[in-house]
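This report goes through one protein chain, beginning with a single helix and then moving on to the rest of the fold. Keep the sequence and the structure in view while reading.

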Amino acid sequence: MLHKANTEFREGWRILLIALLGVVTSPHYLGLYSFGPLVPDLTEALDIPIGELQRAITFNFIGIAIGSQLGGWLLVRFEPKTVTLCSLLLFSALYAVLSFIEITRNTLYFFYLVLPLVGSGALLVTWTQLACLHFEKKRGIALAIVLSGGGVISAVAPLLLSTLTGTEHWQLAFLLLALLPLTTFFICLFALPKSHSSELANSVSQQSKTAKGLDFKQVLYSWRFWVIVFASVLVIIVVLSLITNIVPMLVEKGLSHTKASLIYSVFGLSLITGRLVGGFLIDRIWGPLVAFCVMVLPAFGCLIYLFAPAQVLPMIIATIMVGFAAGAEYDIMAYLVSRYFGLRAYSKTYGALIAVTTLGSGMAPLIYGPILDATGNYSLLLALGAGTAFIGAPLFLTLGRYPSFQSKNTATE
């Protein structure tokens, strides 16, 4: 078994690096983590308040939700390498267009909605499936490495854009962003294996005919799928509401803006750590137990934010808890999908899961915004967040043992 695990990394390291780069430049993360540095320039250019500008991210999340389903369908219907290359090229081209057209509010909303649609074949479902097809014994850590690309781009994007933001040439930042998926395009063009090159590199359409597991209709009728969906949505809503409010919440507690920003800087590091540690553990421990232990952390983070004194150390601990959960959530979901439903309909199943959880998390501002406006502070939001995570996290423990797939569409407990 150990020999097989070592063989997976020895033979699949190139695929792992390609998938990692794909996640770094994926429409799932690139738009989100590059948006913050662009906010001051966009606010000034469009002459709209920051709160209204944030609607671009809501449109982006809607696009990701639809694009995840579209990507799963395309990967089944057509040769995956072609789908991925076309998506990367179109995604890059659309970003480049933003660098020279006149941007209006509606134009911005439209582009942020369409970006993940044209790039649907380069969303997370593509790169996680690539990892799942090449890794069995070490699938958890492989997914963790691949999905740590989200933490990488969250740290790199502000640094890359800092050379252009705040200057008269700020709009060229979109051209700089366009170069990132274009780089991935050229690497995939030459490095991604063709569908007939090896058994492991078979296309999704070929895999769906031979891989063991449930078909998509059977997955939708499975109670386990809806447990994973419901539990994930509850926790992700809490995580997202905290991510966008940590700095102002700490300032409200009495910390300086400098200290609050310094505390928040540990979030990206804890995100990457959460992915890697979660992936390491899930290969060795029952997946739902790992999911529970990780997903319950935001509940304790909320309680620390709510009751702990406004001191740096407890606020750092709370932020690490939130970042750890944010880092591990998507690779845990990918792992659970592959284990409970098999790989036969992986792209459609994971795409549907991403779509629903993205829509759910995208609605988070509509939930916590009125709460903040009504109360004028974060106390009720934190209390509700703790309660929501305490409800969502234990649901993973109801999933039971992994099924054993005796054929491509049957399973035994």
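## A covered helix

In helix α7, the buried residues are Leu124, Val125, Thr126, Trp127, Thr128, Gln129, Leu130, Ala131, Cys132, Leu133 and His134. The helix spans residues 124-134, and 11 of its 11 residues are buried. The model described here is a predicted one.

## The chain as a whole

The chain has 413 residues, of which 57% are buried. Its secondary structure consists of 22 helices and 2 strands. About 17100 Å² of the chain is exposed, and carbon and sulfur atoms supply 69% of that area. Among contacts with a separation of 6 or more, 83% are between residues 24 or more positions apart.

## The nonpolar core

Which residues touch the most other members of the largest nonpolar core? They are Tyr95, Trp127, Phe174, Tyr305, Tyr330 and Tyr350, out of 134 residues in that core. Helix α19 (residues 312-341) gives the largest share of this core, with 17 residues.

Tyr330 shows what such a position looks like in terms of contacts. Apart from neighbours within four places in sequence, Tyr330 contacts His28, Tyr29, Leu124, Leu147, Ile236, Arg275, Tyr350, Ile354, Thr357 and Thr358. One of these, Leu124, is among the buried residues of α7, and another, Tyr350, is itself listed with the core members that touch the most others.

Trp127, also a residue of α7, is in contact with Thr184. Thr184 belongs to helix α10 (residues 173-191). Is Thr184 buried or exposed? Its relative accessibility is 0%, so Thr184 counts as buried. Besides Trp127, Thr184 touches Leu21, Gly22, Thr25 and Leu88, with residues up to four places away in sequence not counted.

## Aromatic rings

A pair of aromatic rings is described by the distance of the centres and the angle of the planes. The chain has 12 aromatic pairs. In one of them, the rings of Tyr95 and Phe174 have centres 6.3 Å apart and planes at 25°; planes under 30 degrees apart count as stacked, so this pair is stacked. Tyr95 is in helix α5 (residues 80-98) and Phe174 is in helix α10, so the pair links parts of the chain that are 79 residues apart.

Phe174 also pairs with Trp170, and here the arrangement is edge-to-face, with 6.4 Å from centre to centre and 65° between the planes. Phe91, Tyr95, Trp170 and Phe174 form one aromatic cluster. Tyr95 has a relative accessibility of 0% and is buried. Phe174 is likewise buried, with a relative accessible area of 0%. Trp170, at 13% relative accessibility, counts as buried because the cut-off is under 20%.

A ring can also face a charge. The charged end of Arg284 sits over the ring of Phe280, 3.8 Å from the ring centre.

## Positions brought together

The table lists pairs of residues with their separation along the chain and the distance between their C-alpha atoms.

| Pair | Separation along the chain | C-alpha distance |
|---|---|---|
| Asp283 and Lys137 | 146 residues | 7.2 Å |
| Gly151 and Leu271 | 120 residues | 6.0 Å |
| Gly254 and Pro309 | 55 residues | 9.6 Å |

Asp283 is in the loop between α16 (266-282) and α17 (287-295). Its relative accessibility is 19%, and buried means under 20%, so Asp283 counts as buried. Leaving out neighbours within four places in sequence, Asp283 contacts Lys137, Lys138, Arg139, Gly140, Ile141 and Tyr335. For Ile141, the side chain of Asp283 reaches the backbone nitrogen at 2.9 Å.

Gly151 is part of helix α9 (residues 149-161). With 1% relative accessibility, Gly151 counts as buried. Outside its neighbours within four places in sequence, Gly151 is in contact with Leu271 and Ile272.

Gly254 lies in the loop between α14 (246-252) and α15 (257-264). Is Gly254 buried or exposed? At 61% relative accessibility, Gly254 counts as exposed, because exposed means over 50%.

Notes. Residues numbered from 1 in each chain as written. Predicted model: local features only at pLDDT ≥ 70, side-chain atom pairs only at ≥ 80, totals over all residues. Heavy atoms only, no water. Core = buried A, V, L, I, M, F, W, Y, C linked by side-chain atoms within 4.5 Å. Buried < 20%, exposed > 50% of the residue type's maximum accessible area, 1.4 Å probe, protein only. Helix = DSSP H or I, 4+ residues; strand = E, 2+ residues; numbered from the N terminus. Contact = heavy atoms within 4.5 Å. Areas by Shrake-Rupley, 256 points an atom, 1.4 Å probe, with all protein chains shown as cover. Phe/Tyr/Trp six-rings, centres within 6.5 Å; stacked < 30°, edge-to-face > 60°. Lys NZ or Arg CZ within 6 Å of the ring centre and 35° of its normal. Polar contact = N/O pair within 3.5 Å; in protein donor to acceptor, adjacent residues only side chain to side chain.
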